[in-house]
Amino acid sequence: MLEPRLTIIVPCFNEEEVLPTSAEVLGGILTRLISENQISAASKLLFVDDGSRDHTWDIIQTLEKRAPIYTGLKFSRNFGHQNALMAGMKVAGQVSDAVITIDADLQDDPQVIPKMVAALRDGHDVVLGVRNDRSSDSRFKRWTAESFYDLMRKIGVQLVPDHADFRLLSRRAVAALMEYSETNLFLRGIVPQLGFPTKKLYYRRRPREAGTTKYPLKKMIHFAMDGVTSFSIAPIKAILSIGTLISCGSLLMMVYVFVQRLFGQPVDGWASLMISLWFLGGIQLIGISVVGEYVGKIFAEVKHRPRYIIETDDFTAVPDHLTPL
Ligand code: UDP
Ligand code: MG
């Protein structure tokens, strides 16, 4: 097999603190793989600047001037991590034999990259990085992640636990992924649906090299909600079960009131009335909002708006991006 042309895609959102280090580390690995003839000399490190408001783009441009392995793509504003990955894969997928996506903060072990390339050369199309030790994450982060994977499993969504967005995809796997045109993207749910020969590689997740998380709680909740509602209608079904349960309960209540009436005991007043009123009101509102969530999703999909807008694309623009160094 001819050396595969690899593109490593790194989404960056306000990563000025960590980017010089990660560029050094990832660039070093790529250069080594090239010199060992494991990958083609036309392989690249593609930074996708997701509308950063700090000096991230300046750093990327400086890197581009320093060595031809570095290249960048800049969004017109912040479109989110998943869209940054999609954009990177779209532009790189057309001219690369494989792409690897990895976060900018080096939490995912870059030393796994050579193993991913070896797995590609062994004929795997999808190679998933799986964290076997999350002790570096905060307890809260681990707890939320665990509960999330649990919930997803219960509602029947196929996810690979502890696999995030550190993965290698071959050219044909990327092409298949690009067929998924939904606006609300949840890549780690879609990738297991692609099929193809798949391999998992385990590694230890480390603390962030520098900078702070770009996934605050609010974003995490949105991301999890997207994950659930993009793949399952279990919440809507749950409303049906709750509604049925409450209806049965109220039937019993009716019998109880009727019996009380028959035996001449006074029906106790409005306390029970108010409680059931508030209770039912609450359940109804929750029900409506869950359905609303799906209607909102449909609305977003029907509009078919672009997932991202590219302001500058140095990857495609550079005419020599296919020529060896
Ligand atoms: N990121 C991005 N756009 C965003 C948020 C995050 O491109 O809107 C990038 C970020 O720069 C990093 C990766 O996504 O490379 C993962 O983010 P982070 O490490 O902050 O998430 P965590 O590891 O804390 O879940
Ligand atoms: Mg991180």
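In this predicted model, Leu73 stands opposite Asp313, a residue of strand β8. This pair offers a convenient way into the fold, as β3 and β8 are joined by three bridges and run antiparallel. On the β2 side, β3 pairs in the parallel sense, over five bridges; there, Leu46 has Thr71 of β3 as its bridge partner. Between β2 and β3 the chain passes through helix α2 (residues 56-66), and the resulting β-α-β crossover is right-handed.

Strand β3 itself repays a closer look. Tyr70, Gly72 and Lys74 point one way from the strand, while Thr71, Leu73 and Phe75 point the other way. In a regular strand, side chains alternate between the two faces of the sheet. Six of the six residues of β3 are buried, so the strand is largely enclosed by the rest of the structure.

Stepping back, the strands just described belong to an open sheet of eight strands with mixed pairing, in the order β7-β5-β6-β4-β1-β2-β3-β8. Its edges are formed by β7 (198-204) and β8 (310-313), each of which pairs on one side only. From one strand to the next, the twist averages 20 degrees. Further along the sheet, β1 and β4 (residues 98-101) run parallel and are joined by four bridges, with Thr7 having Val99 as its bridge partner in β4.

Helices pack against this sheet as well. Helix α4 (residues 112-121) touches β1, β4, β5 (126-133), β6 (163-170) and β7, and its direction makes about 165 degrees with that of β7. Helix α1 (residues 19-35) lies across β1, β2 (44-49) and β3 (70-75), running at about 170 degrees to β1.

Beyond β7, the loop leading to α8 (217-231) holds Arg205. Is this residue buried or exposed? With 19 other C-beta atoms within 10 Å, Arg205 falls in between and is partly exposed, because a buried residue has 20 or more such neighbours. Arg205 and Asp109 lie 96 residues apart in sequence, yet their C-alpha atoms are 6.8 Å apart in space.

The model also contains a ligand, and its surroundings bring strand and helix together. Ligand 1 is surrounded by 16 residues, the closest being Pro11, Phe13, Ala104, Thr213 and Lys214. At least two residues of this shell come from β1 (6-12), and at least two from α3 (81-93). By character, the shell around ligand 1 comprises six nonpolar, five polar and five charged residues.

Conventions. Residues numbered from 1 in each chain as written. Chains lettered and ligands numbered in written order. Predicted model: local features only at pLDDT ≥ 70, side-chain atom pairs only at ≥ 80, totals over all residues. Near = placed C-beta within 6 Å. Nonpolar A, V, L, I, M, F, W, Y, C, P; charged D, E, K, R; others polar. Pairing = 2+ DSSP bridges. Axes fitted to C-alpha atoms, helices over the stretch in contact; angles between N-to-C directions. Contact = placed C-beta atoms within 7 Å. Buried ≥ 20, exposed ≤ 12 C-beta atoms within 10 Å, placed from the backbone. Right-handed = clockwise from strand over helix to strand, strands pointing away.
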